[in-house]
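Let's take a walk through this protein together. Have the sequence and the 3D view open, and follow along as we go.

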Amino acid sequence: MDARKVRGGYWYGSDGADPGPIDLLNALRDYRASEAAMRRRTRTSMGMGETDLLALRYLLEAEHQGRSVSPKELAAWLGVTSASTTALIDRLVASGNVRREPHPSDRRALILRPTPGSDQEVRSTLGGMHSRMIDVARSFDAGETKVIIDFLRRMQTAVDTIDE
């Protein structure tokens, strides 16, 4: 039996409503478990660790926005030390996913750029899944979409709030 199909789950017991808030939280937890499994599969297929994949995604997004990223900015965004960032960048350069380039206005600085091949690899690895996700999102009308966005933003606030 699939543990995700068990009504109630291990954190929340059934509250009797069908469907109710407990079912909603369990569905959210199930989604998060599926998403984590997908990230593991992606990391495995691309031969990368989690931080490597996060860094590459950040660099690809910055490239799409026309922004340059310094090693220092990447380290701050990832919340890692400069030594860890250097090792990370070395791995991404060695794997052919990132290039170090001279900063256009500061001779002493470097910027990081994803290679065209890395963008293609990410697209080919995740393209089908992203297409299915877009199809699901498009299946809701504007009112439903607004409710879902509100729910997710409020859940984000609930999770980000630190108890004293």
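What follows goes from the overall layout to the core, and then to a few individual residues.

First, a word on what you're looking at: this is a predicted model. Its mean pLDDT is 86, and 90% of the residues reach 70 or more. Residues 1–6 are another story, with a pLDDT below 50. Beyond near neighbours in sequence, that stretch has three contacts in the model.

Now for the layout. The protein has six helices and two strands. If you start at the N terminus and read along, the order is α-α-α-α-β-β-α-α. Of the 164 residues, 24% are buried. About 11700 Å² of the protein is exposed, and 56% of that area comes from carbon and sulfur atoms. As for how the chain meets itself, take the contacts with a separation of 6 or more: 38% of them join residues 24 or more positions apart.

Let's pick out α1 next. This helix has 26 residues, and the distance from its first C-alpha to its last is 37 Å, close to the 38 Å expected at 1.5 Å a residue. Several of its residues are buried, including Ile22, Leu28, Ala37, Met38 and Met46. Nonpolar side chains aren't alone there: Asn26, Arg29, Asp30, Thr42 and Arg43 are buried too. And what lies over them? The cover on the buried residues of α1 includes α2, α5 and α6. Just after the helix comes Gly47, which takes a positive phi of about 65°.

From here we can step into the core. The largest nonpolar core holds 21 residues, and Leu56 and Leu74 have the most contacts inside it. Five helices give two or more residues each: α1 (21–46), α2 (50–64), α3 (71–78), α4 (82–94) and α5 (116–138). Which of them gives the most? That would be α2, with seven residues.

Leu56 is a good place to stop and look around. Setting aside neighbours within four places in sequence, Leu56 is in contact with Met46, Met48, Asn97, Val98, Pro114, Ser118 and Val122. Follow one of these contacts to Ser118, which sits in helix α5. Is Ser118 buried or exposed? Its relative accessible area is 0%, so Ser118 is buried. Leaving out residues up to four places away in sequence, Ser118 touches Leu56, Leu60 and Asn97.

There's also an aromatic pair to find, and the structure holds one. The partners are Tyr58 and Trp77, with ring centres 4.4 Å apart and planes at 20°, so the pair counts as stacked. Tyr58 belongs to helix α2 and Trp77 to helix α3, 19 residues apart, and the pair links distant parts of the chain. How do the two partners compare in exposure to their surroundings? Tyr58 has a relative accessible area of 12%, so Tyr58 is buried. Trp77 comes in at 40% and therefore counts as partly exposed.

Our last stop is Ile148, found in helix α6. Its relative accessible area is 34%, so this residue is partly exposed. Ile148 and Ala137 are 11 residues apart in sequence, and their C-alpha atoms are 9.9 Å apart in space.

Key:
Residues are numbered from 1 along each chain as its sequence is written. This is a predicted model: local features need pLDDT of at least 70, side-chain atom pairs count only at pLDDT 80 or more; totals for chains, interfaces and linings use all residues. Side-chain values use heavy atoms; hydrogens and water are left out. A nonpolar core is a set of buried Ala, Val, Leu, Ile, Met, Phe, Trp, Tyr and Cys residues joined through side-chain atoms within 4.5 Å. Buried means under 20% relative accessible area, exposed over 50%, partly exposed in between (1.4 Å probe, protein chains only). Helices (H or I, at least four residues) and strands (E, at least two) are DSSP runs, numbered from the N terminus. Contact means heavy atoms within 4.5 Å. The expected span of a helix is 1.5 Å times one less than its number of residues. Accessible areas come from the Shrake-Rupley method with a 1.4 Å probe; for residues, only the protein chains shown count as cover. Rings of Phe, Tyr and Trp (its six-membered ring) pair if their centres lie within 6.5 Å; planes under 30 degrees apart count as stacked, over 60 as edge-to-face and the rest as tilted. pLDDT is the predictor's confidence in each residue, from 0 to 100.
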